[in-house]
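Here are some notes to read alongside the structure. Please keep the sequence at hand while going through the points.

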Amino acid sequence: MKMKKIIFSLLCLVMLFNLGCTTNVENQVANETPSADVEKSSDLDLNGVKYTMFILNVHDWLDENDSIETLNRVIDIHEKYEIPVNIYLTDPMVQLYVSKAPDLINRFKTSKYVTISYHSRPPTPYYSDFDIIGLHELSDQEIYDKVMEYETHKIDLATGLPTSEPGGYAYLKELMGYAPPTVSILSSYPNVTTQAMKVYKNLGATFTLVHGKDTQLGDTKSGLYLRPEQVELKLYESKSLNAVAGDVIESAINAFTGDTSKGEFINIKYHEDNFYLNGTPWITNFYTDGKDSDPKETPFDLTIVDTKKKTEAEQAHMWELYEDAVKYVKDNADTMHPISEQDLTDML
């Protein structure tokens, strides 16, 4: 009996070690948790009111038709229920939609329920553990100038270098006619993060973000406000075909044990490829083994695809779960207060 207990304990330790060592790109994309020194603010008091935001991160330039169809369908749902959605685009996705789906770009601009924000993915060198150009070894001014070059020019996916064509945050700002409120910065290097924040602030951004921390409206990091978040709900992780959106949302809210007296922000999240794929589409293009610590060398092979389509039942479940969540927030709007990131700026 004593030996059985010892073996069981060893097995538990092995399982915990393996869980702690899982650092593949798919998990990072889901978590998006950069290190951060958050400056707390106690100036804003929202009197314990709950606010809900729907956030869709978009990054699948490999499956262009699926991505375009998904974005249109998501907007259809939000317009049907009159609930805001915050859509985060990368530069490659902006370039793709401008070329292949100009009508979608127009929906981004004209739908009163859509707010566009901005994030990055490989091969951007200030994506976490992807500094393929040695950006962190440069002086602060050189880092600032290089990030500004990336954020005003289109990125070449094969080389990871900026081109002479317009692109980046500045191009998206020009397309939308307003500065996308929020930017996501995932660099592994604090000096790169600081300079990137300065670039985005000077280009017009208001918010950045961190996860895994209780961040209130008014908290700041390196000169930008933090998008507030107490409850982070990755709704796409509810893979049980029996999952009920309202139950999942309420369970996430009830699981938060922090202080909600000043206000509570509930962020409900998807990636567009969660609706139709199992796995992250671009991992094998940029990483040797699907892990964020081992980028490939340039030029990158952009034809590699190592993902699998969800079954029809899985896709139907993802859509049903998402639409039911939007409907649930609509039906409980008086207590969940759905807002956009544009609304956040008015609350500061």
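Is I132 buried, partly exposed or exposed?

1. I132 counts as partly exposed, because its relative accessibility is 31% and the partly exposed class lies between 20% and 50%. The model is a predicted one. I132 sits in the loop that runs between strand 3 (114-118) and helix 6 (140-150). Together with I133 and L161, I132 makes a nonpolar patch on the surface, and the accessible area of the three is about 210 Å².

2. Some totals help to place the details. The protein chain holds 13 helices and 12 strands. Of its 348 residues, 51% are buried. The chain exposes about 15700 Å², and carbon and sulfur atoms supply 50% of that area. Among contacts with a separation of 6 or more, 77% are between residues 24 or more positions apart.

3. Strands of a sheet pair through backbone hydrogen bonds, either parallel or antiparallel. One open sheet here has five strands in the order 3-2-1-10-9, and the pairing is parallel. Strand 3 and strand 9 (231-234) are the edge strands, each pairing on one side only. On average, neighbouring strands of this sheet are turned by 25° against each other, direction ignored.

4. Within the five-strand sheet, strand 9 runs parallel to strand 10 (residues 264-271), and four bridges join the two. L233 has I268, in strand 10, as its bridge partner. Helix 7 (residues 168-176) packs on this sheet and touches strand 2 (85-89) and strand 3; the helix direction makes about 165° with that of strand 3.

5. Another open sheet has three strands, in the order 6-8-7, with mixed pairing. Its edge strands are strand 6 (207-208) and strand 7 (220-221), each of which pairs on one side only. Strand 7 pairs with strand 8 (residues 224-226) in the antiparallel sense, over two bridges. K221 has L224, in strand 8, as its bridge partner. Helix 8 (residues 190-203) lies across strand 6, strand 7 and strand 8, and runs at about 100° to strand 8.

6. The whole structure contains 14 salt bridges. One of them joins K50 and E264, whose closest N and O atoms are 3.9 Å apart. K50 is in strand 1 (residues 50-57) and E264 is in strand 10, so this pair ties together parts that are 214 residues apart in sequence. The partners have their own accessibility values: K50 is partly exposed at 29% relative accessible area, while E264 counts as buried at 4%.

7. K100 and E64 also meet through their side chains in a salt bridge, at 2.9 Å from N to O. This pair links distant parts of the chain, with K100 in helix 4 (residues 91-100) and E64 in helix 3 (residues 64-81), 36 residues apart. K100 is partly exposed at 47% relative accessibility, and E64 is partly exposed with a relative accessible area of 25%.

8. E149 and K146 form a salt bridge in which the closest N and O atoms are 3.1 Å apart. Both residues lie in helix 6, three residues apart, or about one turn of the helix. E149 counts as partly exposed at 30% relative accessibility, and K146 counts as partly exposed at 28%. Elsewhere, salt bridges with shared partners join R227, E229, E232, K269 and E341 into one network.

Key. Residues are numbered from 1 along each chain as its sequence is written. This is a predicted model: local features need pLDDT of at least 70, side-chain atom pairs count only at pLDDT 80 or more; totals for chains, interfaces and linings use all residues. Side-chain values use heavy atoms; hydrogens and water are left out. Patches are made of residues with over 30% relative accessible area and no salt bridge: like charges are joined within 9 Å, nonpolar side chains (Val, Leu, Ile, Met, Phe, Trp, Tyr) within 5 Å. Accessible areas come from the Shrake-Rupley method with a 1.4 Å probe; for residues, only the protein chains shown count as cover. A salt bridge is a side-chain nitrogen of Lys or Arg within 4 Å of a carboxyl oxygen of Asp or Glu. Buried means under 20% relative accessible area, exposed over 50%, partly exposed in between (1.4 Å probe, protein chains only). Two strands pair if DSSP finds at least two bridges between them. Contact means heavy atoms within 4.5 Å. Axes are lines fitted to C-alpha atoms, for helices over the stretch in contact, and angles run from 0 to 180 degrees between N-to-C directions.
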